[in-house]
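Me: Please take one helix of this model and give me a close look at it and its neighbours, then step outwards to the loops, a strand and a pocket. I'd like the cut-offs spelled out as you go.

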Amino acid sequence: MATLLAALTDPQLDALRGWPEVAIAERRASREARWRPPGGPWGRAEVFAVEHLGVHRLATFTPQAGATAAGPGEALVERASLAVMGARLGDAVEVVTAAGRPATLTLVGVVHDPSLAPAGQERAANLYVTPETFARLGEPQLDEVRILVADRPLDPAAVDAQAAAVAQRLDAQGVTVREVRVPPPGEHPHEAPSRAVLLVLWLFAALTVGLAAVLSASLLSITLARQVREIAVMKTLGASRRAVAGLYVAMVGAIALAALAASALPTALLARAGIDAVAGMLNVDVASYAVPLRVIAAQVAIGLGLPLAAAAPLIARASRRTVVDTPTTTAPGPPPAAPGRRRWATARRSGPACNAVRVRGASRSPSASSPSPARCSRRPPACRWPGTRWWTGSSRRAGTTWRCGSPVR
């Protein structure tokens, strides 16, 4: 489709419709104007005059309430303009263009024109009138001609060539063509803003997915660090590297599947709310909320594949660890004393590797209760802890006894 800024008479328009380059041709015009309710303040407006309003075939709109066509002294209003105007169907408004001839118009119908920006953003009312009403406003001519080319209407080069040929033929007939406008064929006027919004959503989605991968990898790393000894025990009992890796892959897959199932409904609801918000911002209607199968497949692949991809290096490193490489702990010392009991009073003797201990309740001094070096060299059969020193103690009720203890530091 192309727009020629030229004023054509009825015979010239009829001749234009018969040219081989032209499939459809319609006259229209648009003017900036002001409007106000009777006796109220003035506001911005855009007035569109369309030939055969309501049955035109190019740059159409969708009737939503009231009349589908306007008569003399009447106007159709774009749906987003009602909130800006604070008006209702049947209200009368005063409209004036740059020609300076005000006219009172009655709002008889509501239409939706998706090619216009929302009136709330422009703070302007969009009105549609007939050529007769346009003449009442002091604008007698429709100075725009919109044509649909006959050959390859979606090819930009073909549209440009045919629009230029039509303009040259009009110039040859003495018609002044001030400008030729060719928008991108088959592209909505809001295509560029829509792509910008989609790009922002893609960036946020990519950041969310990346952060989720980092979080899942960190949690799995902590889990594997805590289960190093469990993995060593499984390998000691005969588990292979593949079996250990498969166990943790199954665990991560089960968690990812549960998270994917739990997030399906909230994601769908939030996505629909976001779509409605963007559609309202662009003044378009959502034809269908159906999700293509390829989108669902991509969501499932990312939801299951990303956690497994992030966990694969960690699981591979943990499953390659051998039993010998597993860190061990020092053998435990004696069990701690029961709560409420006093600690053993210890004293160190200068004898050879002997730690003498006085049992609680003993009345003698540590030096008096300390055994001889010869007795310190004796080791009870029950003590099997390597690297320990041996304790001995004395009590009022019993003789000297042997006890196992921690290494003397």
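**Helix α8 and its surroundings**

Reply: Happy to. In α8, the residues Val 244, Ala 245, Tyr 248, Val 252, Ala 256, Ala 279 and Leu 282 are buried, where buried means under 20% relative accessible area, exposed means over 50% and partly exposed lies in between, using a 1.4 Å probe and protein chains only. Before going on, please note that this is a predicted model, in which local features need pLDDT of at least 70 and side-chain atom pairs count only at pLDDT 80 or more, while totals for chains, interfaces and linings use all residues. Residues are numbered from 1 along each chain as its sequence is written, and side-chain values use heavy atoms, with hydrogens and water left out.

Helices are DSSP runs of H or I with at least four residues and strands are runs of E with at least two, both numbered from the N terminus. The buried residues of α8 pack against α6, α7 and α9, with contact taken as heavy atoms within 4.5 Å. The helix has a bend of about 40 degrees at Ala 264, and Pro 266 follows within four residues. That bend is the angle between axes fitted to the seven residues ending at a position and the seven starting there. Just after α8 comes Asn 283, with a positive phi of about 60 degrees.

The neighbour α7 (residues 228–236) has Val 228, Ile 231, Ala 232 and Lys 235 as buried residues. These four cover an arc of only 100 degrees around the axis, so they sit on the same side of α7; the arc is that of the directions from the helix axis to the C-beta atoms. Their cover includes α6 (191–226), α8 (241–282) and α9 (293–320). After α7 comes Gly 238, with a positive phi near 110 degrees.

Asn 283 has company in its positive phi. Most residues other than glycine have a negative phi. His 52, which is not a glycine, has a positive phi near 60 degrees, and it is found in the loop between β3 (43–50) and β4 (62–66). Ala 59 lies in the loop between β3 and β4 as well, with a positive phi near 50 degrees. At a relative accessible area of 28%, Ala 59 is partly exposed.

Ala 59 also leads to a pocket. The second largest pocket has a volume of about 860 Å³. It is lined by 27 residues, and those closest to its centre are Met 1, Ala 59, Ser 115, Arg 146 and Pro 189. On a 1 Å grid over the protein atoms alone, a pocket is an open set of points where a 1.4 Å probe fits, with protein on both sides within 12 Å along at least five of seven lines, and lining residues have an atom within 4 Å of a point. Points are joined across faces, edges and corners, and the volume is the space filled by probe spheres set on them. Both β2 (22–36) and β9 (144–149) give the lining at least two residues. The lining has 14 nonpolar, six polar and seven charged residues; Ala, Val, Leu, Ile, Met, Phe, Trp, Tyr, Cys and Pro count as nonpolar, Asp, Glu, Lys and Arg as charged, and the others, Gly among them, as polar.

Strand β2 also holds Ala 29, which is buried at a relative accessible area of 1%. Ala 29 touches Val 47, Phe 48, Ala 49, Phe 134, Gln 141, Leu 142, Asp 143 and Glu 144, leaving out residues up to four places away in sequence. Its C-alpha is 8.3 Å from that of Val 47, 18 residues apart along the chain.

Leu 142 comes up again with Leu 8: their C-alpha atoms are 7.9 Å apart, although 134 residues separate them in sequence. Leu 8 sits in the loop between β1 (2–4) and α1 (10–17) and is buried at 6% relative accessible area. Trp 19, in the loop between α1 and β2, counts as buried at 8%. Beyond four places in sequence, Trp 19 contacts Val 166, Arg 169, Leu 170 and Gln 173.

For the wider frame, the protein has 11 helices and 14 strands, and 33% of its 409 residues count as buried.
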